[in-house]
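Thanks for asking me to look this one over. Please have the sequence and the 3D view open side by side as you read.

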Amino acid sequence: MGRKFQKKKKVEQLEIVPLDENPPLPPQRPSDDVVPKKEKWINKQRVLVFAARGISHRDRHLMRDIKTLMPHHRVESKMERSKTLAVINEMSEMKHCNKAMLFEGRRKRDLYLWVANTAGATGPSAKFLIENIHTMAELKLTGNCLKGSRPILSFDGKFDELPHLKLLKELFVQTFGVPNHHPKSQPFIDHVYTFTYLDNRIWFRNFQILSEDGGLSEVGPRYVMNPVKIFDGSFTGKTIWENPDYVSPSKQRQMLKKASKDKYVNRVEQKVQHEATRPTKAYEGLDNEELFDDEDPLETAKLLALKAKKKALETKTPKAALTKKIKDKQMKAVQQVIEQRKARVKREKKV
């Protein structure tokens, strides 16, 4: 009998599937778990821009222009004069701001600007005197940029050389630079801020970018920042730098008044000296003054001829006068000889 061979069944081999590194989430999620969000707005810089009581209308318009250029600013009402500058740190914390710009007016004439880092009141803070203010509405320039767009910050080469300017550069970058993907900003870059250091002052200009080859058109505003002091804290602390060339505006006005007073005193002294040295007698007239009375040239020629004739007669001496003078001299000489002889005879008689 033959053997019956049974066919062996083939065993199916399972494929090895690699483990998925990102397994799918479970269909249900507990409500306590927080869903992580990917945010594009990372640099959350907020600047508190406000003023103290006592600023003029021009200063208020400048503050309004700066607010329009900075979409990441926060608004605050005017600060009372009775409050100290240390209160600004609390105000910034309440508004969730880490930078602050305070416009402080003095005597309705002078404007001071404080720029400070208020995050944790660590500082630093800088005080500037604002000069040569020109607002956007005043200048009426041809440039125009989109409201809320991001700027390019351009700094002079001096900002990389001097140590106090390096600190101010970093402070300006964090304050004036608009964060990327800010909710109130536009995703465009169409203007540039220029900070130029000249004559111990920082000159601020705002230009519109017209073309890629460097064409610019000024937008405004314009102002000049004269640095006064830099403090290590936020509106407080020790002075880490002070401008040796700074002169307060009240001192400058005092010097101008003194110069004008000296000018008045000098003018009065000159007047007194002129009256003291003034001649009492008038100058005598010219010899031939009557020649200029008549405009007729013939009459003038006749007068000149008469004058010349009189002068010739005065200078010419006649013969009779000469002979008389000679006789007088001879008689004097004869009288002297006679007197000498008489004196000699008298002396001989006495002897």
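The points below go from the whole chain to one strand, one residue and one pocket.

1. **The model as a whole.** Please keep in mind that this is a predicted model. The protein holds seven helices and eleven strands. Of its 351 residues, 31% count as buried. The exposed surface comes to about 26900 Å², and carbon and sulfur atoms supply 54% of that area.

2. **Contacts along the chain.** If we take the contacts between residues at least 6 apart in sequence, 63% join residues at least 24 apart.

3. **An enclosed strand.** A good place to zoom in is strand S4, residues 110-117. Eight of its eight residues are buried, so the strand is largely enclosed by the rest of the structure. Asp 110, Tyr 112, Trp 114 and Ala 116 point one way, while Leu 111, Leu 113, Val 115 and Asn 117 point the other way. Both sets are buried, Asp 110 and Asn 117 included.

4. **The neighbours of S4.** Which strands pair with S4? Strand S3 (residues 99-106) runs antiparallel to S4 and is joined to it by eight bridges; here Met 101 stands opposite Val 115. Strand S5 (residues 125-134) also pairs with S4 in the antiparallel sense, over six bridges, and in S5 Leu 129 is the bridge partner of Tyr 112.

5. **The turn between S3 and S4.** These two strands form a hairpin with three residues between them. You may like to look at Arg 107 in this hairpin, as it takes a positive phi near 60°.

6. **A residue in S7.** Is Thr 194, in strand S7, buried or exposed? Its relative accessible area is 16%, and the cut-off for buried is under 20%, so Thr 194 is buried. Leaving aside residues up to four places away in sequence, Thr 194 touches Ser 154, Trp 203, Phe 204, Arg 205 and Phe 207.

7. **The largest pocket.** Strand S7 (186-198) comes up again here: S7 and helix H1 (57-69) each supply at least two residues of the lining of the largest pocket. The space in this pocket is about 200 Å³. Its lining has 15 residues, and those nearest the centre are Leu 69, Met 136, Asn 144, Cys 145 and Val 219. Sorted by class, the lining has seven nonpolar, six polar and two charged residues.

Conventions. Residues numbered from 1 in each chain as written. Predicted model: local features only at pLDDT ≥ 70, side-chain atom pairs only at ≥ 80, totals over all residues. Heavy atoms only, no water. 1 Å grid on protein atoms, 1.4 Å probe; cavity = no way out; pocket = protein on both sides within 12 Å on 5 of 7 lines; lining within 4 Å. Points joined across faces, edges and corners; volume = space filled by probe spheres on them. Helix = DSSP H or I, 4+ residues; strand = E, 2+ residues; numbered from the N terminus. Nonpolar A, V, L, I, M, F, W, Y, C, P; charged D, E, K, R; others polar. Buried < 20%, exposed > 50% of the residue type's maximum accessible area, 1.4 Å probe, protein only. Pairing = 2+ DSSP bridges. Contact = heavy atoms within 4.5 Å. Areas by Shrake-Rupley, 256 points an atom, 1.4 Å probe, with all protein chains shown as cover.
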